[in-house]
Amino acid sequence: MTRDNATSRALGAAGCMVAMSALTETAAGAETGHGTPAAGWSLAAALLGFFMVTLDAVIVNVALPNIRQELAGGITGLQWVVDGYTLMFAALLLSAGSLSDRIGARRAFGAGLVLFTLASAACGLAPSLTALVAARFVQGTAAAAMMPASMALVTHAYPDPARRARAGSG
């Protein structure tokens, strides 16, 4: 149940029909503007963020031989390069979804994107395998913040399931 639904139900139960109708009018007015360029930008940002998170989880596997050569890492260190990201991502995904609900999807996505970009730069500039693993942990944390927020951005931009399906398909 979303906060708006919970608020509407609480107000209705308390007999506040005027406030409840105001919330309904606001929600109905907000839905008429969807499908606008702003919704398109939200969809593009969400898809880009989702793509970056997914790509980063996969692309490091291609770079492992170079990482081993450049940073003189053993198999255990290389395993932590891959697993550090995945571990933080998986461990924090549910908590990040709750955080996104509390502070807003746009704010959570923006913070995750900034942190992800900074961590990516730290990965690229890492002087040692230890620094790379630490940066990958931060990347995984940022990815966990971005993923649920990106899904929420699409849901907010296209609250109608039919429009959301059309937006995602092309």
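A search through the whole of this predicted model turns up one salt bridge. The partners are R136 and D56, whose closest N and O atoms sit 2.6 Å apart. R136 belongs to helix 6 and D56 to helix 3 (residues 37–71), so the pair ties together parts that lie 80 residues apart in sequence.

Helix 6 also turns up in two of the helix packings described here, with helix 4 and with helix 5. Take helix 4 (residues 75–103) to begin with: helix 4 packs on helix 6 at an angle of about 30°, the axes being 6 Å apart. That angle makes helix 4 roughly parallel to helix 6, and helix 4 goes past helix 6 in a right-handed crossing. Sorted by class, the residues in the contact of helix 4 with helix 6 come out as 21 nonpolar, seven polar and one charged.

Helix 5 (residues 105–124) meets helix 6 (residues 129–157) at an angle of about 155°, and here the axes are 8 Å apart. Helix 5 is therefore roughly antiparallel to helix 6. The crossing of helix 5 past helix 6 is left-handed. As for what makes up the contact of helix 5 with helix 6, there are 19 nonpolar residues, joined by four polar and two charged ones.

That leaves the packing between helix 4 and helix 5, where the angle is about 150° and the axes are 8 Å apart. These two helices are therefore roughly antiparallel to each other. On the helix 4 side the contact is made by Y85, S100 and I103, and on the helix 5 side by A105, R107, A108 and F116. By class, this contact of helix 4 with helix 5 splits into five nonpolar residues, one polar and one charged.

How far to trust the picture depends on where one looks. Across the protein the pLDDT averages 77, with 75% of the residues scoring at least 70. Confidence peaks in helix 5, at a mean of 94, and bottoms out in helix 2 (residues 17–32), at a mean of 34. The pLDDT is below 50 over residues 1–34, a stretch that makes 19 contacts in the model beyond near neighbours in sequence. Where pLDDT is low, predicted coordinates should not be read in detail. Helix 5, one of the partners in the packing with helix 6 and with helix 4, is the element with the highest confidence.

How values were computed: Residues numbered from 1 in each chain as written. Predicted model: local features only at pLDDT ≥ 70, side-chain atom pairs only at ≥ 80, totals over all residues. Heavy atoms only, no water. Axes fitted to C-alpha atoms, helices over the stretch in contact; angles between N-to-C directions. Helix = DSSP H or I, 4+ residues; strand = E, 2+ residues; numbered from the N terminus. Parallel < 35°, antiparallel > 145°, perpendicular 65-115°, else oblique. Left-handed = near helix turned anticlockwise from the far one by under 90°. Nonpolar A, V, L, I, M, F, W, Y, C, P; charged D, E, K, R; others polar. pLDDT = per-residue confidence, 0-100. Contact = heavy atoms within 4.5 Å. Salt bridge = Lys/Arg side-chain N within 4 Å of Asp/Glu carboxyl O.
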